[in-house]
Amino acid sequence: MSECVIPTLTTLDVVQSKSVLPPGYKADLANLKGLDLTAPMLELLRRTTSRLPQDVIDALVKGRDAEEEGSRAFNTLNDMVRNIVLADGHVTPLCQDTGSIIVWVRHPFGLSQRAAKQQIRAAVVEATKRSWLRPNCVEALSGKNTGTNMDPFHEHHPAFHFEEWDKPDIDISVMQKGGGCENVGAQYRLPDAALGAGRDMKGVRKCIIDAVVKAQGQGCSPGILGVAIGGDRVTGYEKSKEIILRKLGTPNPDPKMDTFEQELTKDLNTLGIGPMGYGGTTTVLGVLVEEMYRHPASFYVSISYMCWSSRRGTLTLKPSGDVSFD
Amino acid sequence: MIRLTTPITEDQIRQLKVGDEVLLNGRVVLSRDMGHKYMKEQKPEWLKPLLENMVIYHCGPVVKKHEDGHYSFVAAGPTTSIREEPYQAEVIETYKVRGVIGKGGMGKKTSEGLQKTGAVYLHATGGAGSLLAERCKRVVDVKMLEEFGSPEAFWIIEVEDFPLVVTMDSHGGSLHEIVLAESQARAKALMG
């Protein structure tokens with residue numbers, strides 16, 4: 001299993017040919033009331049569940065090539081790349097844990113959020129039927145699986161974030177966040193006496209290092225960290241997930257924060273945890289940080305850990321009728 | 001690379017050491033959170049012939065049901081094993097299980113169980129759902145599907161050259177403990 005896998009995905013033409021959208025499909029944004037998002041959303045889910053974003057693949061390959069050839073870390077990263085190629089080719093889920101489905105919808109004035117939610121939920125049900133998603137919504141205490149990925153109260157799963165904006169486009173982003181990595185997320189309240197972490201970037205850095213050491217390989221390392229500084233217990237965690245939508249390798253708009261992210265990524269990769277916690281130099285693929293505002297008395301550092309299979313995607317509908325996926 | 005086929009003897013297991021790479025063949029039983037709670041609390045007899053000298057796999061697969069009623073695995077990588085820590089040692093002892101496949105490793109209690117009964121913890125690459133599903137060649141049977149739901153059911157499958165690493169052996173060795181200790185020391189230095 002140690003032969004070096006070349007990470008070539010199917011071409012966009014092939015992806016297009018397997019699309020659930022009929023050829024020449026156009027979205028009619030002039031008639032927001034009559035718009036049906038079900039099919040474009042189903043296509044988005046088909047892609048996110050089976051095709052990893054290129055920036056994540058590039059980071060994994062870079063990590064693999066930095067490991068000693070034939071080492072357990074190298075072989076593991078190589079298997080991850082092999083898995084990426086297989087899932088894309090077969091259009092099957094990259095991981096059996098197809099995650100919790102988190103959806104962000106940004107839309108112009110006039111779109112019914114209630115209708116959009118219904119249509120997106122219908123797409124999730126259909127994707128589950130097609131085995132693109134595993135039924136991952138169970139009643140908290142009994143553990144009873146609803147079988148459809150729907151919670152009957154229309155409240156918790158999938159999770160929705162709507163925002164009206166002044167652009168004419170509709171953007172829908174989706175994240176499939178696995179349970180293993182969700183379990184190793186952490187929220188710190190500064191100052192933290194045990195860590196010796198104060199209310200400054202040095203303190204924030206200590207929290208992040210601590211979270212990564214506690215996570216070990218459990219969140220399926222090498223992971224991607226979304227870190228929100230500030231906010232409250234809810235908004236901090238929410239932001240920490242949204243941050244993970246940012247592509248790896250795109251600079252943080254704040255140059256100081258950008259330097260912090262890059263230096264910390266290097267430092268975390270000296271921890272020796274490695275892929276799956278087997279040891280090695282690839283412990284994280286990136287650290288993404290954003291500063292928020294906060295109550296004067298509270299200082300939270302909220303950290304979401306995304307597994308190496310960082311399944312995310314964005315669907316854009318334009319007034320021209322064009323539908324694109326990124 | 002060591003090839004093992006289930007059922008496995010205690011003698012074969014005692015020879016395995018942390019770091020050994022294994023290709024597993026034969027029958028494997030899937031079980032995770034609900035199954036482990038059920039095995040510990042109710043100790044069902046019917047599972048005994050299925051588990052003796054066999055291997056448990058911590059996995060909640062994506063399963064496809066075909067038109068003729070047979071099942072196949074679409075994605076089937078390991079789930080995080082530490083959630084079974086309260087149950088695992090007792091399950092191993094009750095059912096004489098020889099191996100547990102999962103990810104992330106397990107704790108002291110399980111390590112003691114592995115030593116006592118003669119079993120190992122086998123680590124699979126997390127997230128490699130597509131790759132590992134290809135090695136799950138056949139779904140033989142499924143138990144408690146109605147009661148537990150698909151991800152939690154006892155799926156009985158046959159695997160072929162299923163790639164694994166021994167990260168906890170039957171002599172008290174644990175790769176996870178070593179990596180944890182080293183990374184904690186390094187973190188201390190980084191924090192200054």
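## The sheet of chain A

Strand β1 of chain A, which covers residues 100-107, is joined to β2(A) by 6 bridges, and these two strands run parallel. One of the pairings can be followed at the level of single residues, since A:I102 has A:A159 of β2(A) as its bridge partner. This description, like everything that follows, rests on a predicted model.

The pair belongs to an open sheet of 5 strands in chain A, whose order is β2-β1-β3-β8-β9 and whose pairing is mixed. At its edges lie β2 (159-164) and β9 (323-325) of chain A, each of which pairs on one side only. From one strand to the next, the twist averages 15°. As background, the strands of a sheet pair through backbone hydrogen bonds, and they may do so in a parallel or an antiparallel way.

## Chain B as a whole

Chain B contains 8 helices and 9 strands. Its radius of gyration is 16 Å, close to the 16 Å that the globule rule gives for 192 residues, and therefore chain B is as compact as a globular protein of that length. Measures along the principal axes add to this picture, for the C-alpha trace of chain B spans about 60 × 30 × 30 Å.

Of the 192 residues in chain B, 53% are buried. When the contacts in chain B between residues at least 6 apart in sequence are considered, 64% of them join residues that are at least 24 apart.

## Helix α5 of chain B

Helix α5 of chain B, made of residues 108-117, has among its residues B:T110, B:S111, B:G113 and B:L114, which are buried. Seen down the axis of α5(B), the buried residues fall within an arc of 160°, so they line one face of the helix. The exposed residues B:K108 and B:K116 are carried by the face of α5(B) that is turned away from its buried side.

The cover over the buried residues of α5(B) includes α4 (85-95), β7 (120-123) and β9 (154-168) of chain B. After the helix comes B:G118, a residue with a positive phi, near 90°.

## Where the two chains touch

The contact between the chains takes 41 residues from chain B and 45 residues from chain A. On the side of chain B that touches chain A, at least two residues each are supplied by β4 (62-65), β5 (71-75), α6 (129-135), β9 and α8 (175-191) of chain B. The element that gives the most to this side is α8(B), with 11 residues.

By residue type, the side of chain B that touches chain A divides into 19 nonpolar, 17 polar and 5 charged residues.

## Cis peptide bonds

A cis peptide bond is found in chain A between A:S221 and A:P222, with omega at about 5°. The proline of this bond, A:P222, is in the loop between α7 (201-215) and β5 (223-229) of chain A.

In chain B, a cis peptide bond joins B:T6 to B:P7, and here omega is about -5°. The position of B:P7 is in the loop between β1 (2-5) and α1 (10-14) of chain B.

## Positive phi outside glycine

A:S131 is not a glycine, yet it has a positive phi of about 65°. This serine is found in the loop between α5 (113-129) and β2 of chain A. There are 19 other C-beta atoms within 10 Å of A:S131, and it therefore counts as partly exposed.

In chain B, phi of B:K43 is near 40°, again a positive value in a residue other than glycine. The loop that holds B:K43 runs between α2 (33-42) and α3 (48-51) of chain B. Because B:K43 has 13 C-beta neighbours inside 10 Å, it counts as partly exposed.

## The start of chain A

A:E3 lies in the segment of chain A that comes before α1 (12-17). It has 8 C-beta neighbours inside 10 Å and so counts as exposed. Although A:E3 and A:N78 are 75 residues apart along the chain, their C-alpha atoms are separated by 8.0 Å.

Conventions. Residues numbered from 1 in each chain as written. Chains lettered and ligands numbered in written order. Predicted model: local features only at pLDDT ≥ 70, side-chain atom pairs only at ≥ 80, totals over all residues. Pairing = 2+ DSSP bridges. Helix = DSSP H or I, 4+ residues; strand = E, 2+ residues; numbered from the N terminus. Axes fitted to C-alpha atoms, helices over the stretch in contact; angles between N-to-C directions. Buried ≥ 20, exposed ≤ 12 C-beta atoms within 10 Å, placed from the backbone. Arc of directions from axis to C-beta. Contact = placed C-beta atoms within 7 Å. Rg over C-alpha atoms; globule rule 2.2 N^0.38 Å. Nonpolar A, V, L, I, M, F, W, Y, C, P; charged D, E, K, R; others polar.
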